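Please look at the model below. Some questions on its salt bridges and helix packing follow.

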Amino acid sequence: EAVAAGVDEDAVKRQARALAATPADTAYSLACHKARAVSRPGAVVIGADQILVCDGVWYDKPPTPEVARLHLLALRGRTHTLVTATVAVRDGVEVWRHLAVPSLTMRPFTDAFLASYLETEAAALLATVGAYRLEGLGIHLFESVEGEHSAILGLPVLPLLGFLRGVGIVPA
């Protein structure tokens with residue numbers, strides 16, 4: 001079951017930056033806040049979050065198409081990481097955590113390609129950190145991708161399944 005947590009992510013990130021937290025610590029904090037916000041007695045709740053980092057700059061989901069364009073221009077021809085934190089919480093207590101840090105290099109695409117991409121993907125870009133969907137046309141932005149595909153999409157499935165098998169939630 002997927003449940004929206006209603007966590008004020010901007011507030012968590014502001015506090016993390018004020019404390020000079022790392023992107024990994026911040027992603028873990030966000031994932032924990034989300035999981036605890038919807039935790040129910042006896043249930044194992046999975047929380048996950050992702051922060052895109054390029055040359056020390058953190059990127060959030062773009063609020064407008066123009067910001068999406070600016071993000072893609074900033075990432076063009078450069079390598080960035082997706083700091084992806086996943087936690088499991090039972091009865092409000094963290095019982096498992098995993099960090100994946102896939103690395104992606106955007107190709108030096110043309111302005112004409114960018115214009116076409118932005119027009120085609122439109123509103124979908126605002127729902128993703130980095131303004132791309134690797135599972136869609138966003139794959140055309142890249143020249144190399146390193147890391148587990150599901151981690152890039154936001155939930156490292158293989159480590160999560162290992163945890164779930166270990167605690168008997170899914171069959172071993």
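A salt bridge is a side-chain nitrogen of Lys or Arg within 4 Å of a carboxyl oxygen of Asp or Glu. The model is predicted, so local features need pLDDT of at least 70 and side-chain atom pairs pLDDT 80 or more, while totals for chains, interfaces and linings use all residues. Residues are numbered from 1 along each chain as its sequence is written, and side-chain values use heavy atoms, without hydrogens and water.

Q: How far apart are N and O in the salt bridge of Lys 34 and Asp 49?
A: Lys 34 lies in helix H2 and Asp 49 in strand S1 (residues 44–54), so the pair ties together parts 15 residues apart in sequence; helices (H or I, at least four residues) and strands (E, at least two) are DSSP runs, numbered from the N terminus. Both Lys 34 and Asp 49 are buried, that is, under 20% relative accessible area, against over 50% for exposed and partly exposed in between (1.4 Å probe, protein chains only). The N to O distance is 2.4 Å.

Q: Which residues are joined into one network by salt bridges that share partners?
A: Glu 9 also forms a salt bridge with Lys 34, with the closest N and O atoms 3.4 Å apart. Glu 9 lies in helix H1 and Lys 34 in helix H2, so this pair ties together parts 25 residues apart in sequence. The network consists of Glu 9, Lys 34 and Asp 49.

Q: Which residues of H2 are met by Glu 9, Val 12, Lys 13 and Ala 16 in H1?
A: Contact means heavy atoms within 4.5 Å. On the H2 side these are Thr 26, Ser 29, Leu 30, His 33 and Lys 34.
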